[in-house]
Amino acid sequence: MSGAAGTGKTATLQEIKRGLTEAERKVLGTAPTMSAVEELQKVGFAEAMTVSRLLQDTKAQSDMANSVVIVDEAGMISTGQMAAIVELAEKQNARIIFSGDTKQIQSVEAGAALSILERESRLKTVSLTQVQRQTKKGYREAIQELRAHAERGFAS
């Protein structure tokens with residue numbers, strides 16, 4: 001799932017988690033940074049952890065067997081981390097949902113893995129496009145204009 005800031009990715013992840021939990025599926029939330037993990041924990045992913053921890057912690061890896069792994073802020077994941085997550089998920093019979101924005105902060109390590117997946121793979125992508133965070137029409141329109149045309153957005 002992709003979408004710019006404020007389009008409702010986090011709220012959508014909450015609903016995905018709720019549905020999966022009701023279907024009795026284990027859900028694990030991960031993110032590349034501790035601040036992103038803390039945001040996941042605030043919205044109900046109590047067991048969320050960093051991608052680095054998941055890739056190093058053998059207990060966490062075995063706990064993800066037959067689960068759905070949600071990788072939030074996936075635009076920050078390097079190609080090496082992405083490959084390791086996919087390999088681990090395959091080994092543990094887990095599904096993965098990547099959520100992020102390829103236009104926000106990029107990975108510190110080499111590669112823009114989410115961008116590559118969106119462009120080059122046959123994976124289905126859902127894009128959230130409408131700004132949800134800003135409720136006042138004028139402000140919301142200015143934010144959308146900033147994304148499309150920065151100069152005009154500042155004039156709005």
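## A walk from Lys 42 to the core

Start by selecting Lys 42, which is exposed, with a relative accessible area of 64%. Before you go further, keep in mind that this is a predicted model.

**Stop 1: the partner of Lys 42.** Which side chain does Lys 42 meet in a salt bridge? Add Glu 39 to the selection: the N to O distance between the two side chains is 3.1 Å. Glu 39 is partly exposed, at a relative accessible area of 42%. Now show the ribbon for residues 34-42, which is helix 2; both partners lie in it, three residues apart, about one turn of the helix.

**Stop 2: the network in helix 1.** Next, pick Glu 15, Arg 18 and Glu 22, which salt bridges with shared partners join into one network. Arg 18 is in both of the bridges to look at here: its side chain meets that of Glu 15 at 2.8 Å, N to O, and that of Glu 22 at 2.9 Å, N to O. Why do these side chains sit about one helical turn from each other? Arg 18 and Glu 15 are three residues apart in helix 1 (residues 9-22), so about one helical turn separates them. Arg 18 and Glu 22 are four residues apart in helix 1, and again that comes to about one helical turn. As a rule, an α-helix has 3.6 residues a turn, so residues three or four places apart point the same way.

Color the trio by accessibility and you get this:

- Arg 18 is partly exposed, with a relative accessible area of 42%.
- Glu 15 is partly exposed, at 44% relative accessible area.
- Glu 22 is exposed, at 58% relative accessible area.

If you run a salt-bridge search over the whole structure, expect five hits.

**Stop 3: the buried side of helix 2.** Go back to helix 2 and select Ala 36, Val 37 and Leu 40, which are buried. Look down the axis of helix 2: its buried residues fall within an arc of 100 degrees, so they line one face of the helix. Then move to Gly 44, just after helix 2, where phi is positive at about 110 degrees.

**Stop 4: strand 4 and its neighbours.** Select residues 68-71, which make up strand 4. Which residues point which way from this strand? Val 68 and Ile 70 go one way, Val 69 and Val 71 go the other, and all are buried. Bring in residues 27-31, strand 2, which pairs with strand 4 in the parallel sense over four bridges. Val 27 stands opposite Val 68 in this pairing. Then add residues 95-98, strand 5, which also pairs with strand 4 in the parallel sense over four bridges. There, Ile 97 is the bridge partner of Ile 70.

**Stop 5: the largest nonpolar core.** Now show side chains for Leu 54, Met 64, Val 69, Val 71 and Ile 77, the residues with the most contacts inside the largest nonpolar core, which has 16 residues. Helix 3 (51-56), strand 4 and helix 5 (79-91) each supply at least two residues of this core. Helix 5 gives the largest share, four residues.

Center the view on Leu 54. What is it in contact with, once neighbours within four places in sequence are left aside? The set is Leu 28, Thr 30, Met 49, Ala 60, Gln 61, Met 64, Val 69 and Leu 88. Apart from the largest core lies another core, of eight residues, among them Leu 13, Ala 36, Val 37 and Ile 70. You have already met some of these: Ala 36 and Val 37 are buried in helix 2, and Ile 70 is the strand 4 residue that points the same way as Val 68.

**Last stop: zoom out.** Clear the selections and show the full chain as a ribbon. How many helices and strands can you count? There are eight helices and six strands. Trace them along the sequence and the order is β-α-β-α-β-α-α-β-α-β-α-β-α-α. Of the 156 residues, 37% count as buried. A contact map is worth a look too: among contacts between residues at least 6 apart in sequence, 67% join residues at least 24 apart. Finally, turn on the surface, where the accessible area of the chain comes to about 9,400 Å², with 51% of it belonging to carbon and sulfur atoms.

Technical notes:
Residues are numbered from 1 along each chain as its sequence is written. This is a predicted model: local features need pLDDT of at least 70, side-chain atom pairs count only at pLDDT 80 or more; totals for chains, interfaces and linings use all residues. Side-chain values use heavy atoms; hydrogens and water are left out. Buried means under 20% relative accessible area, exposed over 50%, partly exposed in between (1.4 Å probe, protein chains only). Contact means heavy atoms within 4.5 Å. Accessible areas come from the Shrake-Rupley method with a 1.4 Å probe; for residues, only the protein chains shown count as cover. A salt bridge is a side-chain nitrogen of Lys or Arg within 4 Å of a carboxyl oxygen of Asp or Glu. The arc is that of the directions from the helix axis to the C-beta atoms. A nonpolar core is a set of buried Ala, Val, Leu, Ile, Met, Phe, Trp, Tyr and Cys residues joined through side-chain atoms within 4.5 Å. Two strands pair if DSSP finds at least two bridges between them.
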